[in-house]
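Thanks for coming. I have one structure to go through today, and I will keep to what can be read from the coordinates. Please have a look at it first.

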Amino acid sequence: EGTPQGTYAACNASVGHQGNAFNAGSVAGSTFEGNDFDSFGVSDNLATYWSDAGNVWDGSSELPSPTPSTVTYAECAGGGG
């Protein structure tokens, strides 16, 4: 019930997807790093409070680009982050 909090997602790859590789409607206090997601989508509501809610994408509190960089995923190859 309520907003999901404290999610930690690292070293995930999206393969053969249709639409966005990552979608979120509501999340707070969460960290996403080293994921190989070539497309990113959030609800209009989440976009307004992403940073204020303490969410972090690859070390930044800024809302990620709809086509985020996947360069950090290479660090995960060979067994995770």
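I start with one pairing. Phe 32 has Trp 57 as its bridge partner in β5. Keep in mind that this is a predicted model, and that goes for everything I say about it.

The strand on the other side of that pairing is β3, residues 31-33, and two bridges join it to β5, with the two strands running parallel. They belong to an open sheet of three strands, in the order β1-β3-β5, paired in parallel. The edges are β1, residues 8-10, and β5, residues 56-57; each has a single partner strand, so one side of each is left without a neighbour in the sheet.

Now the chain as a whole. There are one helix and five strands, and from the N terminus on the order is β-β-β-β-α-β. The chain has 81 residues, of which 30% count as buried. About 4,800 Å² is exposed, and carbon and sulfur atoms supply 46% of that. If you take contacts between residues at least 6 apart in sequence, 46% of them join residues at least 24 apart.

Next, the aromatic residues. How many aromatic pairs does the structure hold? The count is nine. One of them is Phe 22 with Phe 37, a stacked pair, 5.6 Å centre to centre with 25° between the planes. This pair links distant parts of the chain: Phe 22 is in strand β2, residues 22-24, while Phe 37 is in the loop between β3 and β4, 15 residues apart. Are these two buried or exposed? Phe 22 is at 12% relative accessibility and counts as buried because the cut-off is under 20%. Phe 37, at 8%, counts as buried as well.

Phe 37 also pairs with Trp 57. Here the ring centres are 6.2 Å apart and the planes are at 45°, so this pair is tilted. Again distant parts of the chain are linked, with Phe 37 in the loop between β3 and β4, Trp 57 in strand β5, and their positions 20 residues apart. Trp 57 is buried, its relative accessible area being 8%. That brings us back to the residue I began with, the bridge partner of Phe 32. Both belong to one aromatic cluster, formed by Phe 22, Phe 32, Phe 37, Phe 40, Trp 50 and Trp 57.

The loop between β3 and β4 holds another residue to look at, Asn 35. With a relative accessible area of 2%, Asn 35 is buried. What lies 3.3 Å from a polar atom of its side chain? The backbone nitrogen of Cys 11 does.

Last, Val 42, which lies in strand β4. Buried or partly exposed? Val 42 has 21% relative accessibility and counts as partly exposed, because buried would need a value under 20%. Leaving aside residues up to four places away in sequence, Val 42 touches Ala 24, Ala 47, Trp 50 and Leu 63. Trp 50 is also a member of the aromatic cluster. Val 42 and Gly 25 are 17 residues apart in sequence, yet their C-alpha atoms are 5.7 Å apart in space.

That is what I have for today.

Terms used: Residues numbered from 1 in each chain as written. Predicted model: local features only at pLDDT ≥ 70, side-chain atom pairs only at ≥ 80, totals over all residues. Heavy atoms only, no water. Pairing = 2+ DSSP bridges. Helix = DSSP H or I, 4+ residues; strand = E, 2+ residues; numbered from the N terminus. Buried < 20%, exposed > 50% of the residue type's maximum accessible area, 1.4 Å probe, protein only. Polar contact = N/O pair within 3.5 Å; in protein donor to acceptor, adjacent residues only side chain to side chain. Phe/Tyr/Trp six-rings, centres within 6.5 Å; stacked < 30°, edge-to-face > 60°. Contact = heavy atoms within 4.5 Å. Areas by Shrake-Rupley, 256 points an atom, 1.4 Å probe, with all protein chains shown as cover.
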